[in-house]
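Student: I have a model open and want to go through it with you. Can we start with whatever holds distant parts of the chain together?

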Amino acid sequence: MDSDVFEQLVATVERFARERLIPAERQVEEEDDIPEEIVAEMKEMGLFGLSTPEEYGGIGLSVPQEARLIETLCYASLTFRSLIGTNVGIGSQGIVMDGTPEQKEQWLPGVASGDVVASFALTEPDNGSDAGGIRTSAKRDGGDFVINGTKRYITNAVRAGVFTVFARTDADKPGADGVSAFIVPADTPGITVAKPDRKLGQKGTKTSDVIFENVRVPESAIIGGPKNLHKGFRTAMKVLDRGRIHVGAMAVGQSQRMLDIATDYALERKQFGKPIGEHQLVQGLIADCQAELHAARALVRASADTFDREGKAIIEASCTKYFCTEAAGRIADRALQIHGGAGYMAEYDIERLYRDIRLLRIYEGTSQIQQLVIARRTLAQRAA
């Protein structure tokens, strides 16, 4: 996207986040749902199609542009980003990256408009970070595959029009080998979406179990077509790399919000006859937040540039996801501490943001999985 047009879009999203979304946060928390009028506004703004190529009706942002826009949007509650997150990221990017021309024509225009919500069905009851341990099966039956298994914590499953489903197509191949990625319409017979999960934070986001019982799909449903049989794990990893930069940007946006809230409180709240921001120990908390926030933002933007330039950023994406989400957790803790007892009370926003931010260190690869990826890549690069 042209830089001038992009700057206008960033300004529009910033106003939308601050003037429309933040005032609606408490309603979303209480009702555990996003108002339909906000959903409609996000569709109209084109937010569901940020990363979809322009030829399919999307905005077609580069990775650096996407990161900056997501940072801007995530100044407001992460719940709102979750609504568009699977369409912008993991739910659609498998099709964007590896789909056939026919698959792209069929699905991406609806994804871009928000008329079709795409969900990423990878995690299972016994396999989350160990994606290579997938047990959901897809057995060949003539020219079709029959899928059986259960997926867990699937974001936007209750809203989904299509699932990207990862299933084992070769039972004799262990680990990541033998896994294929399928495009499965949500109305395919045999799919059951369970009721939404109850969660610690991010009220209004929707995650659910999805059960596949003898779900029949043609071999043309394999992402990239039959030639990509048993190559689904590669698709998943490419999608998650870009997604990890996206999550880093989320952490930066929300960290800026928490630091701003804490700084405002430090300027207003008085103890011992002066604003608490004048006390050096409180200043130390603010300084640590600011330093980590600057480092996190720089890391997101550098990793996004690498991905855009090279088409991949494996170790950079893992470093980004790991550092930015862990830093956001520390910033949340300090921001709440600055509030003292008030920070523990639900009437203050920091209590809710503190709960919401905790999830970032878990999904799309836990911090511990990122450590493994980073360490193994570092060792391998040095050995080479």
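Tutor: What follows covers salt bridges, one helix, a surface patch and a record annotation, all in a predicted model.

Student: How many salt bridges does the structure hold?

Tutor: The count is 26 salt bridges. One of them pairs the side chains of glutamate 66 and arginine 242, at 2.5 Å from N to O. Glutamate 66 is in helix H4 (residues 63-73) and arginine 242 is in helix H8, so this pair links distant parts of the chain, 176 residues apart.

Student: Glutamate 66 and arginine 242, buried or exposed?

Tutor: Glutamate 66 counts as buried because its relative accessibility is 4%, under the 20% cut-off. Arginine 242 is buried too, with a relative accessible area of 11%.

Student: What about lysine 151, which residue does that one form a salt bridge with?

Tutor: Its partner is glutamate 124, and the closest N and O atoms are 2.9 Å apart. Lysine 151 lies in strand S3, while glutamate 124 sits in the loop between strand S1 (118-121) and strand S2 (137-141), so the pair ties together parts that are 27 residues apart in sequence. Both lysine 151 and glutamate 124 are buried.

Student: And which residues are joined into one network by salt bridges that share partners?

Tutor: Glu25, Arg26, Arg257, Asp349 and Arg352 are.

Student: Back to single pairs. What does the side chain of arginine 159 meet in a salt bridge?

Tutor: The side chain of aspartate 33, with 3.5 Å from N to O. Arginine 159 is in the loop between strand S3 (144-155) and strand S4 (162-168), and aspartate 33 is in the loop between H2 and helix H3 (36-44); the two are 126 residues apart.

Student: Why do those two count as partly exposed?

Tutor: Arginine 159 has a relative accessible area of 24%, and aspartate 33 is at 31%. Partly exposed runs between the 20% cut-off for buried and the 50% cut-off for exposed, so both values qualify.

Student: Change of topic. Why is H11 described as largely enclosed by the rest of the structure?

Tutor: Because seven of its nine residues are buried. They are Ile350, Glu351, Arg352, Leu353, Arg355, Asp356 and Ile357. Arg352 also belongs to the salt-bridge network with Asp349, Glu25, Arg26 and Arg257.

Student: What covers the buried residues of H11?

Tutor: The cover includes helix H2 (25-31), helix H5 (78-88), helix H8 (232-268) and H10.

Student: Where is tyrosine 348?

Tutor: In the loop between helix H10 (314-339) and helix H11 (349-357). Tyrosine 348 counts as partly exposed, at 30% relative accessibility. Together with Tyr344 and Met345, Tyr348 forms a nonpolar patch on the surface, and the three have about 350 Å² of accessible area together.

Student: Which residues does the UniProt domain annotation cover?

Tutor: The UniProt record, an unreviewed entry, gives "domain: Acyl-CoA dehydrogenase/oxidase C-terminal" for residues 231-378. Over those residues the chain is 78% helix and 3% strand, and the end C-alpha atoms are 25 Å apart.

Student: Last one: where is alanine 375 found?

Tutor: In helix H12 (residues 367-383). Alanine 375 is partly exposed, with 36% relative accessible area. Its C-alpha atom is separated by 39 Å from that of aspartate 32, 343 residues apart along the chain.

Conventions
Residues are numbered from 1 along each chain as its sequence is written. This is a predicted model: local features need pLDDT of at least 70, side-chain atom pairs count only at pLDDT 80 or more; totals for chains, interfaces and linings use all residues. Side-chain values use heavy atoms; hydrogens and water are left out. Patches are made of residues with over 30% relative accessible area and no salt bridge: like charges are joined within 9 Å, nonpolar side chains (Val, Leu, Ile, Met, Phe, Trp, Tyr) within 5 Å. Accessible areas come from the Shrake-Rupley method with a 1.4 Å probe; for residues, only the protein chains shown count as cover. A salt bridge is a side-chain nitrogen of Lys or Arg within 4 Å of a carboxyl oxygen of Asp or Glu. Helices (H or I, at least four residues) and strands (E, at least two) are DSSP runs, numbered from the N terminus. Buried means under 20% relative accessible area, exposed over 50%, partly exposed in between (1.4 Å probe, protein chains only). UniProt positions are given in the numbering used here, feature names are shortened, and annotations may be inferred rather than shown by experiment. Contact means heavy atoms within 4.5 Å.
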